[in-house]
Amino acid sequence: MKIIFSRHAEEKFQVLAWHGLRIERQTVIDTVRNPTHLDYSRAPLIIAQTPLDKTHVFRVIYKQDGDQIFIITFYPGRIRQYGQ
């Protein structure tokens with residue numbers, strides 16, 4: 001499966017690092033491949049989610065077309081807002 005990062009997603013690594021949260025490309029890829037929760041409420045977009053720490057989850061928004069995954073963006077969120 002081929003994974004492509006949008007320009008926005010590429011820039012998001014630096015934005016989050018500036019805020020003190022370093023996210024690796026592999027973390028994004030692992031979240032898409034092995035999510036603890038998938039949200040299809042924004043179809044055709046898919047939101048993959050995994051725990052980040054005790055109070056936060058990590059969410060990746062992507063679109064899948066055949067064997068290609070296009071990462072649109074990703075962000076941390078509070079568990080109380082997004083659940084688990």
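Residues are called buried when their relative accessible area is under 20%. This cut-off underlies the legends that follow, which describe a predicted model.

**Figure 1. The buried face of helix α2.** In α2, the buried residues are Val-28, Ile-29, Thr-31 and Val-32. Because these residues fall within an arc of 160° when seen down the helix axis, they line one face of α2. The elements covering them include β1, α1, β3, β4 and β5. For Val-28, contacts beyond four places in sequence are made with Phe-5, Phe-13, Ile-23, Phe-58, Val-60, Ile-71 and Phe-74.

**Figure 2. The largest nonpolar core.** This core has 17 residues, and the members that touch the most others are Phe-5, Ile-23, Val-28, Val-60, Tyr-62, Ile-71 and Phe-74. At least two core residues come from each of β1 (2-5), α1 (7-18), α2 (25-33), β3 (46-51), β4 (56-65) and β5 (68-78). In soluble globular proteins, nonpolar side chains tend to be buried together.

**Figure 3. Surroundings of Ile-71 in strand β5.** Ile-71 is a residue of strand β5, and it is buried because its relative accessibility is 0%, below the 20% cut-off. When residues up to four places away in sequence are set aside, Ile-71 touches Ile-3, Ile-4, Phe-5, Ser-6, Ala-9, Val-28, Val-32, Val-60, Ile-61 and Tyr-62. Two of these partners, Val-28 and Val-32, are among the buried residues of α2. Ile-71 and Arg-7 are separated by 64 residues in sequence, and their C-alpha atoms lie 9.4 Å apart.

**Figure 4. The polar contact between Thr-73 and His-8.** Thr-73 also belongs to strand β5. With a relative accessibility of 14%, Thr-73 counts as buried. Its side chain forms a polar contact of 3.0 Å with the side chain of His-8. Apart from neighbours within four places in sequence, the residues in contact with Thr-73 are His-8, Ala-9, Lys-12, Arg-59, Val-60 and Ile-61. Val-60 and Ile-61 are also touched by Ile-71.

**Figure 5. The polar contact between Thr-50 and Thr-31.** Thr-50 is located in strand β3 and is buried, its relative accessible area being 11%. A polar contact of 3.3 Å joins the side chain of Thr-50 to that of Thr-31. Thr-31 is itself one of the buried residues of α2.

**Figure 6. The cis peptide bond between Ala-43 and Pro-44.** The peptide bond leading from Ala-43 to Pro-44 is cis, with omega near 15°. Most peptide bonds are trans. Pro-44 is part of the loop that connects β2 (37-39) and β3, and Ala-43 is found in the loop between β2 and β3 as well. Ala-43 counts as exposed because its relative accessibility is 58%, above the 50% cut-off. The C-alpha atoms of Ala-43 and Lys-63 are 8.7 Å apart in space, with the two positions 20 residues apart in sequence numbering.

**Figure 7. The N-terminal residue Met-1.** Met-1 belongs to the segment that precedes β1. At a relative accessibility of 61%, Met-1 is exposed. Setting aside residues up to four places away in sequence, Met-1 nonetheless touches Arg-33, Gln-64, Asp-67 and Ile-69. The C-alpha atoms of Met-1 and Asn-34 are separated by 14 Å, the two residues being 33 apart along the chain.

**Figure 8. The whole chain, as context for the close-up views.** Three helices and five strands make up the secondary structure of the protein, and from the N terminus these elements follow the order β-α-α-β-β-β-β-α. The radius of gyration is 12 Å, which agrees with the value near 12 Å for a compact globule of 84 residues. The C-alpha trace spans about 35 × 25 × 20 Å along its principal axes. Of the 84 residues, 35% are buried. Among contacts with a separation of 6 or more, 42% are between residues 24 or more positions apart. The protein exposes about 5600 Å², of which carbon and sulfur atoms supply 50%.

Definitions and conventions:
Residues numbered from 1 in each chain as written. Predicted model: local features only at pLDDT ≥ 70, side-chain atom pairs only at ≥ 80, totals over all residues. Heavy atoms only, no water. Core = buried A, V, L, I, M, F, W, Y, C linked by side-chain atoms within 4.5 Å. Buried < 20%, exposed > 50% of the residue type's maximum accessible area, 1.4 Å probe, protein only. Helix = DSSP H or I, 4+ residues; strand = E, 2+ residues; numbered from the N terminus. Contact = heavy atoms within 4.5 Å. Polar contact = N/O pair within 3.5 Å; in protein donor to acceptor, adjacent residues only side chain to side chain. Rg over C-alpha atoms; globule rule 2.2 N^0.38 Å. Areas by Shrake-Rupley, 256 points an atom, 1.4 Å probe, with all protein chains shown as cover. Arc of directions from axis to C-beta.
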